[in-house]
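Reader: I'm new to reading protein structures. Could you walk me through this one, step by step?

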Amino acid sequence: MTSAILLHPALILIIGALLLPLLRGAARNVAVLAIPLLALAALWLLPEGRPWQVQWLDYSLAPLAVDKLSRLFATIFALMAFGGGLFALRQESRLEIPAAYLYAGSAIGVALAGDLITVFLFWEFMAVGSTLVLWSAGTPLAWAASRRYVGVHLAGGVILFAGIAGHIAQTGDVAFTAMQADSIAHWLILAGFLINAGAPPFSAWLPDAYPEASWSGTVFLSAFTTKTAVYVLLRGFPGAEILIWIGIFMIFYGIVYALLENDMRRILAYSIVNQVGFMVTGIGIGTEMALNGAAAHAFTHIIYKALLLMSAGAVLAATGRRKCSELGGLFHSMPLTTICGTIGALAISSFPLTSGFISKSMVTQAAIDGHLQMVWLFLAAASAGVFLHAGIKFPWFVFFQKDSGLRPADPPASMRWGMILFAFLCIGLGVWPDPLYAMLPYAVNYVPYTAAHVITQLQLLLFSGLAFFVMLDYLKRTPTITLDFDWLYRVAGPALARRLGGRLSQARAGLDGLAREGANRMTAQIHQHRRPDGLLSRSWPTGGMALWVMVLLLANLVFYYLG
Amino acid sequence: MKYEHWLDNPLNVKKLWRGFIAVLALTVIAGFFTDLHPHFEIEGWYGFYAVYGFITCLLMILGAKALGLLLKRPDTQYAEDGRDD
């Protein structure tokens with residue numbers, strides 16, 4: 001058991017994160033790269049099954065449970081930590097990489113958790129790690145965003161905890177297995193998972209918070225929270241039909257909001273919601289093909305979204321600008337960043353020969369196999385829409401369009417290699433999907449490269465590109481944001497609280513006055529009657545008493561006769 | 001005239017456009033010679049994917065535009081009055 005604790009991949013990353021601040025210079029750089037690789041090696045040495053079980057209170061916990069699905073997600077999380085660490089080597093904040101490794105380690109912890117209590121523990125650690133990543137940006141905007149971010153996630157954590165407690169009370173079982181959304185407890189668990197996935201109505205936390213992190217912080221943030229949510233949905237609620245429609249809503253929400261957005265990294269943040277929507281839809285369809293597709297898409301998405309955000313981060317680090325309306329023409333002086341960003345953009349659009357093509361199409365295929373024509377039509381439109389809002393819009397407005405006159409150079413070596421590595425993976429997985437297919441939870445019976453599939457996909461995407469350029473006037477960037485659900489807790493809620501607070505304090509002041517007046521009156525009366533010579537304190541003559549006794553006795557007599 | 005980059009030359013951009021349109025045409029023509037294994041009836045219509053991709057994108061842009069009329073605000077909206085602090 002001791003060796004299992006030491007070799008738990010999540011603990012390797014978390015302990016590594018705690019040790020990192022002690023190191024300096026080359027030793028620190030080596031450690032940044034070695035820790036995720038160690039975790040990856042430990043992960044692949046683990047046998048399938050539950051090598052580590054603990055009795056705690058009345059529950060048997062399994063903090064380390066390995067099967068194909070958990071290994072797939074833990075693998076991509078460790079890879080992501082490595083790529084992100086490489087990209088962030090030159091990050092000046094000394095907090096960011098340790099925080100990101102705590103965050104990545106916790107995500108791996110969720111992926112390898114065999115019981116709901118361990119899931120919950122690592123779930124909360126993730127909220128802490130990601131908030132620290134946000135903090136390390138060190139700007140007032142990041143600080144404000146982090147407070148909203150942590151608020152949403154702690155609330156989500158409470159909902160999840162309530163669900164887990166209810167589940168344990170009902171079943172007495174803590175094991176994390178597939179559930180049905182059939183009781184309040186399970187609905188609460190589902191809601192807790194979905195909040196982290198960026199599902200409606202809580203999608204806004206993602207584009208609100210992630211783009212406020214540093215140039216490297218957003219790369220880490222894009223990967224773990226939402227994809228851990230995809231993982232727990234895959235394991236906990238496969239085939240829950242409501243997820244199809246939640247997913248489709250997320251897909252189009254992401255497209256529409258990204259089309260309206262001006263901030264380059266916020267465009268990419270909206271497109272995270274969009275991409276997670278494809279995965280959630282796949283989980284809702286629930287066939288083996290669909291679940292494979294959702295898992296594969298999570299894997300490829302982490303890589304190309306990180307790549308896109310790396311290229312955006314390189315632009316931000318070089319120019320200090322983040323708005324499309326202030327960028328453009330950067331291909332002149334940043335050729336490598338332009339190429340890597342474009343590869344990421346092609347991959348997210350599922351162009352043939354990129355990783356998105358071999359993963360997303362499995363979800364679409366599952367909709368076809370299940371004869372879900374409506375769902376399929378939505379997914380096809382959405383595929384075109386992805387090219388529109390991320391595939392062309394991002395590289396076009398950042399690297400091409402009008403010339404902003406900026407001529408920053410490509411970033412330093414560590415950032416370049418981070419981008420090259422992930423660009424290579426985007427193409428590599430697209431050309432040779434077999435290693436990824438072999439890691440998927442179910443046997444893959446799918447051939448992505450057929451003439452029909454390539455031609456139809458190219459038609460869909462290229463004509464969507466045509467629509468982009470035809471409608472370019474409608475897509476001109478303006479320095480605006482688009483209101484979202486977060487308006488309720490950023491503006492309406494506080495305003496309501498302030499107004500209610502004003503009313504309440506007025507009402508309280510009024511009540512106070514009334515109470516004081518009443519009390520004063522009462523004391524005055526008491527004083528009046530009980531002071532020396534007052535009605536109740538003065539001495540009475542004996543004759544008066546005898547008179548009153550006689551009156552009472554007479555009354556008694558009268559009632560006696562009447563009764 | 002000397003351009004900083006070959007993409008800055010409008011002639012080259014025009015060539016790219018021609019190439020793009022040629023590729024567009026090719027993908028539609030290729031659909032004619034390939035069995036596309038349509039599963040749904042609608043999929044079997046000639047050039048369905050091209051038309052569908054184009055039209056849905058137009059609709060998404062217009063839809064976004066319409067929503068923008070309602071929900072767009074200056075990007076200083078939240079910063080101006082320090083509501084966040």
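Author: Sure, here are some questions and answers about how the chains meet and which charged side chains pair up.

Reader: Before we start, what kind of model is this? And how many residues of chain A are in contact with chain B?

Author: Keep in mind that this is a predicted model. On the other side of the contact, chain B brings 47 residues. The number from chain A is 56 residues.

Reader: How much area is buried between chain A and chain B?

Author: Carbon and sulfur atoms give 74% of that area. Within chain A, Gln459(A), Phe463(A) and Ile481(A) lose the most area to chain B, together 13% of what that side buries. The whole buried area between the two chains is about 4,800 Å².

Reader: How many residue pairs are in polar contact between chain A and chain B, and which element of chain A gives the most residues to the side that touches chain B?

Author: Counting pairs with both residues at pLDDT 80 or more, there are 13 in polar contact between the chains. Several elements of chain A supply at least two residues each to that side, including helix H7 (140–171), helix H16 (373–399) and helix H20 (486–530). With 15 residues, the one that gives the most is H19(A).

Reader: How do the residues on that side of chain A divide into nonpolar, polar and charged?

Author: Let's go through the groups one at a time. The charged residues number seven and the polar ones 11. That leaves the nonpolar group, with 38.

Reader: Which strand of chain B is joined to E3(A)?

Author: Three bridges do the joining, and the two strands run antiparallel. Along the pair, Thr482(A) stands opposite Lys72(B). The partner strand, residues 72–74 of chain B, is E1(B).

Reader: Which residue of chain A forms a salt bridge with Asp75(B)?

Author: Side chains of opposite charge can pair when their charged atoms come close. Here the closest N and O atoms are 3.0 Å apart. Asp75(B) is partly exposed, with a relative accessible area of 23%. Its partner in chain A is Lys323(A).

Reader: There are two salt bridges between these chains, so what does Arg407(A) pair with?

Author: Arg407(A) sits in the loop between H16 and helix H17 (413–431) of chain A, and its partner is in the segment before helix H1 (10–33) of chain B. Arg407(A) is partly exposed at 33% relative accessible area, while the partner is exposed at 53%. The N to O distance is 2.7 Å, and the partner is Glu4(B).

Reader: Now inside chain A: how many residues apart are Arg490(A) and Asp208(A)?

Author: Their side chains meet in a salt bridge at 3.3 Å, N to O. Arg490(A) is in helix H20 and Asp208(A) in helix H9 (residues 205–209), so the pair links distant parts of the chain, 282 residues apart.

Reader: Is Arg490(A) buried or exposed? And which residues are joined with it into one network?

Author: Asp208(A) is buried, and Arg490(A) is buried too. Salt bridges that share partners tie Arg490(A) into one network with Arg148(A), Asp208(A) and Asp486(A).

Reader: Last one: why does His186(A) count as buried?

Author: His186(A) lies in helix H8 (residues 184–197) of chain A. Beyond its sequence neighbors, it touches His167(A), Met179(A), Gln180(A), Ala181(A) and Phe237(A). Buried means under 20% relative accessible area, and His186(A) counts as buried because its relative accessibility is 8%.

Conventions: Residues numbered from 1 in each chain as written. Chains lettered and ligands numbered in written order. Predicted model: local features only at pLDDT ≥ 70, side-chain atom pairs only at ≥ 80, totals over all residues. Heavy atoms only, no water. Helix = DSSP H or I, 4+ residues; strand = E, 2+ residues; numbered from the N terminus. Buried < 20%, exposed > 50% of the residue type's maximum accessible area, 1.4 Å probe, protein only. Contact = heavy atoms within 4.5 Å. Buried area = accessible area lost by both parts, 1.4 Å probe. Salt bridge = Lys/Arg side-chain N within 4 Å of Asp/Glu carboxyl O. Polar contact = N/O pair within 3.5 Å; in protein donor to acceptor, adjacent residues only side chain to side chain. Nonpolar A, V, L, I, M, F, W, Y, C, P; charged D, E, K, R; others polar. Pairing = 2+ DSSP bridges. Lists of a residue's contacts leave out its neighbours within four places in sequence.
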